[in-house]
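Biologist: Got a minute to go through this one with me? Put it up and let's start with the surface.

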Number of protein chains: 2
Amino acid sequence: MNIGQAAEKAGISAKSIRYYESVGLIAQATRRGNNYRDYGDQEIAELRFIHRARSLGFSVKEVGDLLALWRDRKRASQQVREVAKRHIDDIERKIAELQSMRATLNTLVAKCHGDDRPDCPILEDLASGKPHCG
Amino acid sequence: MNIGQAAEKAGISAKSIRYYESVGLIAQATRRGNNYRDYGDQEIAELRFIHRARSLGFSVKEVGDLLALWRDRKRASQQVREVAKRHIDDIERKIAELQSMRATLNTLVAKCHGDDRPDCPILEDLASGKPHCG
DNA sequence: TTGATCCTTCCCGTTCTGGGAAGGTCAAGG
DNA sequence: CCTTGACCTTCCCAGAACGGGAAGGATCAA
């Protein structure tokens, strides 16, 4: 199967597949006589795995770890769980940061009358140079 | 005032100040005889503004827009408010996406017993190739 | 044959810095 | 006066994860 078909089946772009190959996330694809990459069911399954893991926010590096665990029939599920839990922690930190920004911004937007006059509490706040989080 | 002092006062690195200058976010700093950049109160105020805006998640481009409005004594506060509201929308989209990821991951982690046995619902889910959001 | 649609490699651009090299400056101390 | 250390300058590389697009080869349908 050509890379284009594989990409469509896996839900990622051909560019990304080549990228994943180049950084060693997946093995070098076998080539056919015309030098085209060739993908079979196993490769498609890996690409789908990657697609799903990426869509859950795992970095390419983390996906590599998960793939290694997936390939290892003797892994301990604890290891997988740890990777996932660390990722959840990352996500929660990001959420908290974004929520904090949102709260501040909502407050500022609420204070700004938003008409054609120039005075603006939002700009005043920014100009005050308050540190946001430290 | 040297760039190092300015950086400390504004809460950003000297590297970043040079970068902001290079991309036109701030004007080229005046130079002293030794070719060192020189910063005064006005420049410090701008740098602080930038620091604060960046810490609220505005992109460098958006900070440029906000700086332009700040410098324009005849701006309409409505414009500032629009920039801020668009940014809040961005943030909310990101929060929603992260929350969705977190929910899925929490479900999976809860299903995984996390011991030394190899069977793992997390890997099974990833391998199933479910699309996450479309 | 021709055109359209694949595929290949290659390099550049994105965003926002951080790291570090090579070299100029300056202030203090021996 | 000389050295040492802490500044400053420019410049280039790195990262994360691709997308765009060029130049050229392969395949396929009419």
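Modeller: Sure. The accessible areas here come from the Shrake-Rupley method with a 1.4 Å probe. And keep in mind that this is a predicted model.

Biologist: Fine. What is the accessible surface of chain A, then, and what share belongs to carbon and sulfur atoms?

Modeller: About 7400 Å² for chain A, with 47% of that belonging to carbon and sulfur atoms.

Biologist: And how much of chain A is buried?

Modeller: Buried residues are 42% of the 134 in the chain.

Biologist: What's the radius of gyration of chain A, set against a compact globule?

Modeller: Chain A has 23 Å, whereas a compact globule of 134 residues would be near 14 Å. Its C-alpha atoms fill a box of roughly 70 × 40 × 20 Å along the principal axes.

Biologist: What's the secondary structure of chain A?

Modeller: Six helices and two strands. Along the sequence the pattern reads α-α-β-β-α-α-α-α. As for contacts in chain A with a separation of 6 or more, 48% are between residues 24 or more positions apart.

Biologist: On to the DNA. Which residues come nearest to strand C?

Modeller: There are 19 residues around DNA strand C, and the nearest are Gly4(A), Arg18(A), Lys15(B), Ser16(B) and Tyr20(B).

Biologist: Of the strand C atoms within 4 Å of the protein, what share belongs to sugar or phosphate?

Modeller: 69%, and the rest belong to bases. On the base side, an N or O atom in the side chain of Tyr36(A) is 3.4 Å from a base oxygen of strand C. The side chain of Tyr36(B) has an N or O atom 2.8 Å from a base nitrogen of strand C. For the phosphates, a backbone N or O atom of Val60(B) lies 3.2 Å from a phosphate oxygen of strand C.

Biologist: Which elements give two or more residues to that surface?

Modeller: α1 (3-10) and α2 (14-22) of chain A, plus α2 (14-22) of chain B. The largest share, four residues, is from α2(B). By class, the surface near strand C has six nonpolar, seven polar and six charged residues.

Biologist: Now strand D. Which residues are closest there?

Modeller: Out of 19 residues surrounding DNA strand D, the closest are Ser13(A), Lys15(A), Tyr20(A), Gly4(B) and Arg18(B). Of the strand D atoms within 4 Å of the protein, 75% are sugar or phosphate.

Biologist: What lies by the phosphate oxygens of strand D?

Modeller: Asn34(A) has a polar side-chain atom 3.2 Å from one, and a polar backbone atom of Val60(A) is 3.4 Å from a phosphate oxygen. In chain B, Arg31(B) has a polar side-chain atom 3.0 Å from a phosphate oxygen of strand D. The elements giving two or more residues to this surface are α2 of chain A along with α1 (3-10) and α2 of chain B. Here α2(A) gives the largest share, four residues.

Biologist: Changing topic: is Ser77(B) buried or exposed?

Modeller: Buried, because its relative accessible area is 0% and the cut-off is under 20%. Ser77(B) sits in helix α5 (residues 77-111) of chain B. The residues it touches include Cys112(A), His113(A), Asp115(A) and Cys120(A).

Biologist: And where is Thr107(A)?

Modeller: In helix α5 (residues 77-111) of chain A. Thr107(A) is partly exposed, with a relative accessible area of 43%. Its C-alpha atom is separated by 9.1 Å from that of Ile122(A), 15 residues apart along the chain.

Conventions. Residues numbered from 1 in each chain as written. Chains lettered and ligands numbered in written order. Predicted model: local features only at pLDDT ≥ 70, side-chain atom pairs only at ≥ 80, totals over all residues. Heavy atoms only, no water. Near = heavy atom within 4 Å. Polar contact = N/O pair within 3.5 Å; in protein donor to acceptor, adjacent residues only side chain to side chain. Nonpolar A, V, L, I, M, F, W, Y, C, P; charged D, E, K, R; others polar. Rg over C-alpha atoms; globule rule 2.2 N^0.38 Å. Buried < 20%, exposed > 50% of the residue type's maximum accessible area, 1.4 Å probe, protein only. Contact = heavy atoms within 4.5 Å. Lists of a residue's contacts leave out its neighbours within four places in sequence.
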